[in-house]
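Trainee: I'd like to learn how to read a structure feature by feature. Show me how you'd go about it.

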Amino acid sequence: MSDLKNHPYRAAERGLPDAPMTAVRTERVTFSAGGVDLAGDLRLPDLPLPAPAVALTGPFTGVKEQVTGLYADRLARAGLVTLAFDHRGFGESGGRRGHEDSGGKLADLRAAVSLLGGRAEVAPGRIGLVGVCLGGGYAVRAAASDPRVRAVAGIAGAYNSPAWFAERMGLDAYRGALGSFLDRYDERLPAVTPGDGEAAMSGAEPYAYYGTSRSASPHWVNEVTRGSLHSLMTFDALGAAPLLAATPLLVVHGRTDAYCAPELAAELAGRSPGEKEVVWLDCREHIDLYDVEPYVTQAAGATAAFLHDHL
């Protein structure tokens with residue numbers, strides 16, 4: 001438990017404008033995961049250290065200057081050491097460009113935990129994971145298999161379940177989709193596109209974030225492999241829920257979310273046998289939890305309070 005449990009930073013959970021926020025120093029870091037070089041931003045709050053720490057993992061195709069960077073800054077200003085980094089294949093990190101590598105991303109998260117564990121600014125044994133969108137599923141899966149992770153939080157999380165996909169699509173359609181991704185595995189397509197064009201993340205909502213200045217980053221590229229879609233549809237995050245008995249879980253989710261199903265968020269919490277909290281927010285869109293107020297402040301505040309309680 002954090003010695004900041006009753007600190008007024010918890011006021012941020014209620015979205016109070018006068019919740020105290022500390023200054024933050026950012027340090028660029030590089031580290032390796034299975035021979036792949038990764039680049040990240042370590043944020044250190046201007047408070048007596050060591051302090052609890054979290055590594056963040058974010059949306060499909062996302063880079064550290066976007067959603068994870070925003071939440072990393074908010075959580076650091078609420079008294080946590082934070083690490084936002086580029087997963088392999090994206091941003092400034094190494095690896096196959098624009099390819100979603102599920103096993104590789106889990107290796108990246110293990111390496112991120114190791115990096116935090118080796119820093120003098122991080123309190124020993126007080127490390128957590130925070131995932132946003134697709135990163136929510138990765139954070140849960142990583143926490144379930146790494147006992148060094150003491151708490152995990154998902155924000156607008158994609159708690160993918162191949163069985164859930166197959167049930168709703170029909171098994172033949174599901175297997176047909178997987179086959180089409182395998183047939184054209186190395187081909188590339190846009191991550192987002194305006195209008196009705198083909199894209200890995202189709203529709204107006206993803207484009208409203210990634211296709212506009214809202215997501216501006218010199219390191220984001222609008223291109224992914226078709227094989228990435230096979231990775232997304234076969235990655236099982238929901239199956240990790242029963243393994244979280246010893247890992248406190250926070251689920252923050254919008255009541256309305258067309259891209260990361262609220263019912264899967266509820267199912268994850270329901271299947272997790274350990275200590276858990278669920279916070280439902282009245283968002284209008286999935287991407288409201290990327291950069292829209294008051295939802296980001298509400299999500300970051302609830303997450304900071306939860307982590308201070310459990311790290």
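Rings, pockets and odd backbones

Mentor: Start with a pair of neighbours: Tyr-209 is buried, and Tyr-210 is buried as well. Buried is under 20% relative accessible area, exposed is over 50%, and partly exposed is in between, with a 1.4 Å probe and protein chains only. One caveat: this is a predicted model, so local features need pLDDT of at least 70 and side-chain atom pairs pLDDT 80 or more, while totals for chains, interfaces and linings use all residues. Residues are numbered from 1 along each chain as its sequence is written, and side-chain values use heavy atoms, with hydrogens and water left out.

Trainee: How many aromatic pairs are there?

Mentor: A pair of aromatic rings is described by the distance of the centres and the angle of the planes. Rings of Phe, Tyr and Trp (its six-membered ring) pair when their centres lie within 6.5 Å; under 30 degrees between planes is stacked, over 60 is edge-to-face, and the rest are tilted. That gives seven aromatic pairs. One of them joins Tyr-138 and Phe-235, a tilted pair at 4.5 Å centre to centre with 35° between the planes. Along the chain the partners are 97 residues apart: Tyr-138 is in helix H3 (residues 134-145), and Phe-235 is in the loop between H7 and strand S9 (249-254). Both Tyr-138 and Phe-235 are buried. Tyr-209 and Tyr-210 have ring centres 4.9 Å apart and planes at 90°, so that pair is edge-to-face. They also belong to one aromatic cluster with Trp-220 and Tyr-290.

Trainee: Where do the helix and strand labels come from?

Mentor: They're DSSP runs numbered from the N terminus: helices are H or I with at least four residues, strands are E with at least two. For a sanity check on a helix, the expected span is 1.5 Å times one less than its number of residues. Helix H10 (residues 295-310) has 16 residues and should span 22 Å, and its end C-alpha atoms are 22 Å apart, so the two agree. H10 is also mostly covered, with 14 of its 16 residues buried.

Trainee: What volume does the largest pocket have?

Mentor: The recipe uses a 1 Å grid over the protein atoms alone: a cavity is a set of points where a 1.4 Å probe fits but cannot get out, a pocket is an open set with protein on both sides within 12 Å along at least five of seven lines, and lining residues have an atom within 4 Å of a point. Points are joined across faces, edges and corners, and the volume is the space filled by probe spheres set on them. The largest pocket comes to about 790 Å³. It has 33 lining residues, and the closest to its centre are Phe-60, Ala-200, Met-201, Leu-232 and Tyr-259. Helices H4 (162-169), H5 (171-183), H6 (204-210) and H7 (227-234) each supply at least two residues of that lining.

Trainee: And how many cavities of 30 Å³ or more are there?

Mentor: The count is one, and the largest cavity has a volume of about 80 Å³. Its lining includes Gly-58, Lys-64, His-87, Lys-105 and our earlier Tyr-210.

Trainee: Which cysteine sulfur is nearest to that of Cys-133?

Mentor: A disulfide is a pair of cysteine sulfur atoms within 2.5 Å. By that rule there are zero disulfides. For Cys-133, the nearest cysteine sulfur is that of Cys-260, 4.0 Å away. For Cys-283, the nearest is again that of Cys-260, at 12 Å. Cys-133 is buried at a relative accessible area of 10%, and Cys-283 is buried at 5%.

Trainee: What about the backbone: what is phi of Cys-133?

Mentor: Most residues other than glycine have a negative phi, and most peptide bonds are trans. Phi of Cys-133 is positive, near 55°, and the residue lies in the loop between strand S5 (122-132) and H3. Thr-61 has a positive phi too, about 75°; it sits in the loop between S3 and helix H1 (67-77) and is buried, with a relative accessible area of 2%. As for peptide bonds, Leu-49 to Pro-50 is cis, with omega near 15°, and Pro-50 lies in the loop between strand S2 (36-45) and strand S3 (51-57). Glu-293 to Pro-294 is cis with omega near 10°, and Pro-294 lies in the loop between helix H9 (288-291) and H10.
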